[in-house]
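Colleague: I am new to this structure and would like to understand how its labels are earned. Could we go through them one at a time?

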Amino acid sequence: MPGEYFEARERALLGTRYDVLYTAPCAVRRGVTVNGLRCAPQEFAAAVDFGLEPSPFCDAAFLLTDPQLRPGRHAYHHAGVFYVQEPSASVPAGLLGVRPGERVLDLCAAPGGKTSQLAAALRGEGLLVANEYVAARVGVLKSNLERMGVTNALVLNESTARVAAAFPAFFDKILVDAPCSGEGMFRKEPEALRQHSAALGASILDDAAAALRPGGLLCYSTCTFAPEEDEAQVGAFLARHPEFTVLPAPTNAGAPGEAARCGAHPFAAEHTRRIYPCHGGEGHFMALLQKRGDGAPPEAEQARPRAARGQRGAKRGRDMRACRPAQGGNGVSRAEARAEGEAFLREYFPGAAQLPLECRGTELFVLSREGCGPAEGLRVVQAGVCAGSAARGRFVPAHHLFMAYGAQCANAERLTLADPRTAAWLRGEAIPAETAAPGWAAVLADGFPLGFGKQSGGVVKNHYPKGLRNLK
């Protein structure tokens, strides 16, 4: 239950509406959001073997009907087909209307649920920068984006100020899912009710404003009900940044924001959205802001052919050597490592072999055509897709490569959800080969990637990472 201060504040703001808005229609519901890089929501609903209900918050999301289900152990979860996500958390990313080819920034990205929604909207085109300041959380972000098969992400572990300095007026769309007091999660996490300064959210918003191009869109969201972190935060931001306007949030989820919560800087708060427990989800606040400007890219960029823009991105990707240290050599030169990796890709992933490639020490990376952006000097956790590493005379592929491009692999062991070999594979066991030829092979469940193994003697030896296996 909420604390006394919380209830007193909300009753003062809402009056008789308090008992309605803070009464949940049911227990906390769990949800999953379908990864559009893998399949369409309708295809997922038809194929999955557990109960679902459509989510009221997002067309790509569903509510789970079985409270005992452990979706994180499901083969489709391992394959990145869906992300386990609190239902109302699926709303903010959709407000930006991201389109393929755009440059998008998720400034506070971990653990990666909203980031994966942005990636699905980009469909592998353009650039997605996913930043997380807390080093302990960035590994989870990286792992989730690998599992979801995201190929065009630059994952950073940086302060928002350094990101803004490196990418001035660069992005078309920015999501700020700000660190907050977490009041919206009190039914699930009572300890989340704590003192929190709105100053952090304000500085993050200022940095986001600097990184957004004229005409670009910024979505600010929190999982709190606190006025100083919601409407009052947005009002103060608009007062500091008159080049921004608040737009009507394109969603029917929840209820309009409230003028009584704006504090010293009133604005059209009804354009923002609030989700209360009565709406069937945990608490969320969302505001969509636009930076004034014509919204068109500079003339030189507008006139540049698409292929040339891709080459420019690839060059930026090669410049990443300046901000990521080379790996150990193992007696293999960079030229040898690149040659071995390219030969591997031509044999097993001919499509990926046509994309820009970069060697970092003995590791080979596949870059998107947009490249990595101007990220020199930043703490880069991942840039592109790690294809694997070279040793003397051989190339050892990486799990990341098969999660990103496994469905395109020239050699595959094809499983189904009902096949007992699927569960055995996720436990880390070797499985009998039925479709894979000798050599490295993608392992697919209903066409979705579950990593890779090596077929030898009619058996696929398991290379699924131990830390990801269903061991219990």
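Modeller: Let us begin with the sheet, keeping in mind that the model is predicted. Five strands in the order β19-β21-β22-β23-β20 form an open sheet, and the pairing within the sheet is mixed. Its edge strands are β19 (412–415) and β20 (431–432), each of which pairs on one side only.

Colleague: How do you know that β19 and β21 count as paired?

Modeller: Two strands pair if DSSP finds at least two bridges between them. Four bridges join β19 to strand β21 (residues 439–445), so the requirement is met, and the two strands run parallel. As one example of how they line up, Ala412 has Ala442 in β21 as its bridge partner.

Colleague: What makes Phe6 and Tyr22 an edge-to-face pair?

Modeller: The search of the whole structure finds 23 aromatic pairs, and Phe6 with Tyr22 is one that has 5.5 Å centre to centre and 85° between the planes. Ring centres must lie within 6.5 Å, and planes over 60 degrees apart count as edge-to-face, so 5.5 Å and 85° satisfy both conditions. Phe6 lies in helix α1 and Tyr22 in the loop between α2 (18–21) and β1 (31–34), so the pair ties together parts that are 16 residues apart in sequence.

Colleague: Why are Phe6 and Tyr22 called buried?

Modeller: Buried means under 20% relative accessible area. Phe6 has 3%, so the term applies to Phe6, and Tyr22 has 13%, so the term applies to Tyr22 as well.

Modeller: Tyr76 and Phe448 also form an edge-to-face pair, with 5.4 Å centre to centre and 85° between the planes. This pair links distant parts of the chain, since Tyr76 is in helix α4 (residues 75–78) and Phe448 is in strand β22 (residues 448–456), 372 residues apart. Tyr76, with a relative accessible area of 1%, is buried, and Phe448, at 12%, counts as buried too.

Colleague: Which residues form one aromatic cluster?

Modeller: The cluster consists of Phe344, Tyr348, Phe349, Phe395, Phe402, Trp440 and Phe452.

Colleague: How do you know that the charged end of Arg360 sits over the ring of Phe365?

Modeller: For an arginine, CZ has to be within 6 Å of the ring centre and within 35 degrees of the ring normal. The charged end of Arg360 is 3.8 Å from the centre of the Phe365 ring, so the distance condition is fulfilled. Arg103 likewise lies over the face of Phe170, at 4.2 Å from the ring centre.

Colleague: Why is Arg9 called buried?

Modeller: The relative accessible area of Arg9 is 11%, which is under 20%, so Arg9 is classed as buried. Arg9 lies in helix α1 (residues 4–14), and, leaving aside its neighbours within four places in sequence, Arg9 is in contact with Glu183, Phe225, Ala226 and Pro227.

Colleague: What makes helix α10 mostly covered?

Modeller: Helix α10 (residues 231–240) has eight of its 10 residues buried, including Glu231, Val234 and Phe237. The buried residues of α10 pack against α9 (198–211), β9 (212–222), β10 (244–247), β12 (273–275) and β13 (284–291).

Colleague: Cys262 and Cys278 remain; what is the accessibility class of each?

Modeller: Cys262 is at 1% relative accessibility and therefore counts as buried, whereas Cys278, at 24%, counts as partly exposed because that value falls between 20% and 50%. The count of disulfides comes to zero.

How values were computed: Residues are numbered from 1 along each chain as its sequence is written. This is a predicted model: local features need pLDDT of at least 70, side-chain atom pairs count only at pLDDT 80 or more; totals for chains, interfaces and linings use all residues. Side-chain values use heavy atoms; hydrogens and water are left out. Buried means under 20% relative accessible area, exposed over 50%, partly exposed in between (1.4 Å probe, protein chains only). Contact means heavy atoms within 4.5 Å. A disulfide is a pair of cysteine sulfur atoms within 2.5 Å. Rings of Phe, Tyr and Trp (its six-membered ring) pair if their centres lie within 6.5 Å; planes under 30 degrees apart count as stacked, over 60 as edge-to-face and the rest as tilted.
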